[in-house]
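Visitor: I have a structure open on the bench computer and would like to go through it by question and answer. Shall we start with how its helices pack?

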Amino acid sequence: MHTDDSLTESGSISSASHESDPSQRCGYLVTFRSGDLRDEDFCPKTLHAIDQIKLCNIVAIERDATVHETILSAANTLLHFLDRVCLLRSREWCITVALYLFPHLTNANFLSILFLHRSACRVVAAQADMSTTVAAVVCWVDAVLAKLATFILVVAQGLVPHLSKLSNSNLLRSQREDETVHAAAQLPERWESIIDVIGSNTASPAAIRLATRLLFAALVMGPQLNGERQWADSRIQPLHVISAILRNTERKYINGLFVNFPEIEYDDEERTSLAMLVILFSTSHTAQNRDLTPMQAYQPLVRIQNLSRLLDVLQIAFYRDTTLSGHMTLPCVNLDTAQTVLIRWGNLFPWSWSTWSDQRLANVECITDLTITWLYHLNTPFCTGSSSECPAAFSFHFDSMISDKELYLGTIIVHLFNRIMLHAVQVAQRRVFHGVSSDLVVVLRKACSMTVRLLRYHAERRDATHERVVQSICRSLQVLFFWLDDKTEYLGIKDLILEILSLIRPDIMTLSFRTLCEDKHLQAGEKIDEDVVRSIEKIDLWDDSLSDVTATVTCLSIKHTVCFLTLIWNCDLDDYISISSSLSLISKGMDLLEEKDRSGRVFPILKTAILTFASVTSRFVTPSAMEEGLFWVLAIQSKYTDFSIASALAHRILMTGGQNIDSLGLAEAWDYLCNVLLVILGGPFAEDDGSLALLVCPGVCTALTKLFQTDSFPVDFVMSSPWTASLIAELDSLVSAECSSVEEYLRALQQQLRRVGKAFLNQLANRKSRLSEDADMVIHDVRWRLVYSYIPPNSHIVLASLE
């Protein structure tokens with residue numbers, strides 16, 4: 001055994017230390033003499049110990065024995081801290097301190113200094129007077145590296161109390177630690193040479209595991225916790241990591257690791273090491289090709305067989321039961337260590353989507369299974385069961401992927417989300433009476449949220465590949481929409497589906513829905529008609545005694561059906577659904593709104609949806625005089641800030657021309673729309689309200705022009721109104737102002753109203769003649785589209801006018 005001033009202990013790797021008392025197993029390396037420190041003391045003392053080791057003069061170690069005590073004291077502090085964290089005696093404290101100190105303990109500079117200390121220790125050992133020849137020299141650095149290996153694993157899997165079944169046995173745990181110490185002694189002299197261990201044909205499995213963990217911590221975990229995106233170590237080049245990992249997988253392939261692997265069981269430690277290799281490869285490849293174009297980046301990704309082997313490694317790491325490969329429909333909720341490494345660390349997503357984007361590759365379904373589980377755990381607390389929120393290091397901001405350099409990922413990601421939704425549809429079809437699994441509901445919600453962002457970004461793309469993908473997504477969502485029932489947990493998903501469908505071009509919607517209806521097995525038309533009938537029944541059975549929660553859920557359920565029908569009718573697809581049922585739903589809905597409005601219980605969510613749907617149907621079906629009158633009454637009784645309802649009325653006016661409406665009704669409509677436009681001109685508003693105002697203002701202004709041209713319109717009456725005079729003055733001031741002299745909102749408003757506003761003013765100036773060529777052209781040219789609007793707490797489909 002060493003004395004206090006000894007830095008090393010020489011001994012054979014095959015020594016009898018395995019038979020010693022486990023509490024003394026590392027006694028020849030370092031002993032805990034620092035006492036029981038309080039939790040609050042560990043962090044500053046550990047940082048101080050790290051600084052002591054970093055600032056120590058390496059050359060002096062070989063000549064000055066007085067330095068040894070300082071180094072051993074610092075090593076004791078490190079080992080005491082690492083041991084306390086690995087045992088997780090105080091988990092909340094461990095989570096906070098471990099995540100903070102991890103980058104300090106595992107960064108490449110500190111590890112490089114540790115390797116230099118170890119070289120100095122070996123020099124000291126070589127100079128010592130030894131009576132026997134030994135196979136290896138084990139020093140305090142090896143003990144620290146061995147304990148770091150356990151620490152890395154504890155942090156990598158989220159600081160869960162039990163790492164594996166081995167953790168329940170002190171003897172087995174001590175034996176594993178002892179093997180790791182001996183593995184550390186086999187590592188090369190310099191840190192930058194550690195990469196050679198991974199690709200070595202002669203290194204022991206334990207040494208390869210240790211090297212993998214240290215590299216994974218230095219190149220992946222530490223930078224991620226620090227928020228760094230650059231390559232973490234200039235001593236080790238990404239290309240060298242890639243080459244070493246490929247040599248490693250090639251050796252495993254030669255040794256038969258990938259032969260019939262679904263029938264082979266792999267222990268947790270082996271799967272975790274494989275998971276770390278995959279993440280290291282993806283991180284290195286991303287860093288190697290960061291400044292290259294997509295085509296340049298993937299050409300040197302070696303041969304197809306290497307990609308295939310890497311995919312095999314990924315499957316072994318991910319699946320606890322390898323027979324499930326490519327057949328999972330539900331996410332892995334409780335992750336083991338290997339799965340946690342894949343899901344939480346590095347940039348496996350979206351790197352894997354690009355690398356294995358060709359769906360013809362064997363076993364590529366594994367990527368979809370991984371994505372399902374990744375979505376489930378996306379932006380959730382890293383340390384399960386703790387009170388902490390999801391740290392920034394584990395938060396994924398999808399918008400960060402959509403940049404000029406990574407646009408090519410869009411179609412791939414959309415395709416994968418489409419696959420996930422198809423899985424959900426299949427589950428829904430099998431479990432129609434029980435609904436979709438709550439775990440899959442989480443996945444669907446997140447997948448839909450991301451699909452919304454992707455479609456918004458790629459809304460104007462028109463290449464054939466993109467259109468096929470979007471059409472497939474559209475079909476899946478249409479099926480999913482009517483397979484999900486009215487449970488509360490599905491309401492948010494249905495809102496997202498409606499938003500996605502509103503982002504899809506009408507021609508793609510039309511083609512998708514027609515293909516869907518032609519599939520006799522899905523019975524899409526029948527399912528939609530059933531939804532309509534259920535909504536009508538809910539309206540007929542409405543009871544004022546319903547609680548607010550029940551009434552809100554019922555309104556949302558009806559709203560979703562109405563909005564879906566609005567999207568279908570807008571694509572001129574009424575041939576595939578029951579027209580009479582749709583019109584009956586509109587009639588029943590407006591009767592309910594009229595009755596409840598009079599009683600003081602207003603339903604703004606339902607009102608916007610029903611009036612928008614009624615306005616869209618008027619493009620194809622002439623409404624009755626009674627229905628037309630009720631529509632106008634409900635619309636003009638709304639608030640002037642209900643821009644979506646004002647837009648529905650404006651669209652209805654342009655579609656029907658105000659037929660069956662008397663002069664008083666036309667005057668009331670004028671007064672309502674005039675005040676809405678004055679409110680818009682008097683902006684700006686909050687961001688969401690302002691965007692909606694800009695979308696509807698051209699249609700409102702055009703509808704006022706159309707009203708003025710109506711034969712029974714009371715021109716003299718409205719022209720004498722002070723509100724009309726105010727509107728003329730405000731609008732004239734806006735359209736004639738210099739762009740540079742107005743604020744941002746008004747500049748956007750000016751752009752929206754310049755043409756339609758001038759035509760409207762010209763029409764009013766030429767009051768004796770109801771006809772104006774400019775006004776007619778504006779009315780004819782205005783285009784309408786449905787957009788999704790979310791202004792808390794409501795979301796709805798809005799008729800937006802595009803001038």
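**Helix packing and cores**

Guide: The crossing of α3 and α6 is left-handed. This is a predicted model.

Visitor: How are the directions of α3 and α6 related?
Guide: The axes of helix α3 (residues 66-87) and helix α6 (residues 140-156) come within 9 Å and cross at roughly 25 degrees. Angles under 35 degrees count as roughly parallel. Therefore the relation of α3 to α6 is roughly parallel.

Visitor: Which residues of α6 meet α3?
Guide: On the α3 side the residues in contact include Ile 71, Leu 72, Leu 78, Leu 79 and Phe 81. Asp 83 and Cys 86 of α3 also take part. Their partners in α6 are Trp 140, Ala 143, Val 144, Lys 147, Leu 148, Thr 150, Phe 151 and Val 154.

Visitor: Is His 80 buried or exposed?
Guide: His 80 is placed in helix α3. Its C-alpha atom is separated by 8.9 Å from that of Phe 42, 38 residues apart along the chain. The relative accessible area of His 80 is 11%, and the cut-off for burial is under 20%. His 80 is therefore buried.

Visitor: Which helix gives the largest share of the largest nonpolar core?
Guide: The largest nonpolar core has 129 residues, and Phe 151 and Leu 159 have the most contacts inside it. The largest share of this core is 14 residues, and these come from helix α9 (residues 205-226).

Visitor: How many residues does the other core have?
Guide: Another core lies apart from the largest one. Among its members are Leu 501, Ile 504, Phe 564 and Phe 613. In soluble globular proteins, nonpolar side chains tend to be buried together. The residue count of this other core is 127.

Visitor: What is the hand of the crossing between α28 and α32?
Guide: Helix α28 (residues 663-681) and helix α32 (residues 744-765) pack at an angle of about 145 degrees, with their axes 11 Å apart. Trp 670, Leu 677, Ile 680 and Leu 681 in α28 meet residues of α32 that include Tyr 745, Leu 749 and Phe 760. The crossing of α28 and α32 is left-handed.

Visitor: What percentage of the residues count as buried?
Guide: The secondary structure comes to 33 helices and four strands. The protein exposes about 34500 Å², of which carbon and sulfur atoms supply 52%. Of its 803 residues, the part that counts as buried is 56%.

Notes
Residues are numbered from 1 along each chain as its sequence is written. This is a predicted model: local features need pLDDT of at least 70, side-chain atom pairs count only at pLDDT 80 or more; totals for chains, interfaces and linings use all residues. Side-chain values use heavy atoms; hydrogens and water are left out. Helices (H or I, at least four residues) and strands (E, at least two) are DSSP runs, numbered from the N terminus. Buried means under 20% relative accessible area, exposed over 50%, partly exposed in between (1.4 Å probe, protein chains only). Accessible areas come from the Shrake-Rupley method with a 1.4 Å probe; for residues, only the protein chains shown count as cover. A nonpolar core is a set of buried Ala, Val, Leu, Ile, Met, Phe, Trp, Tyr and Cys residues joined through side-chain atoms within 4.5 Å. Axes are lines fitted to C-alpha atoms, for helices over the stretch in contact, and angles run from 0 to 180 degrees between N-to-C directions. Angles under 35 degrees count as roughly parallel, over 145 as roughly antiparallel, 65 to 115 as roughly perpendicular and the rest as oblique. A crossing is left-handed if the near helix is turned anticlockwise from the far one by less than a right angle, and right-handed if clockwise. Contact means heavy atoms within 4.5 Å.
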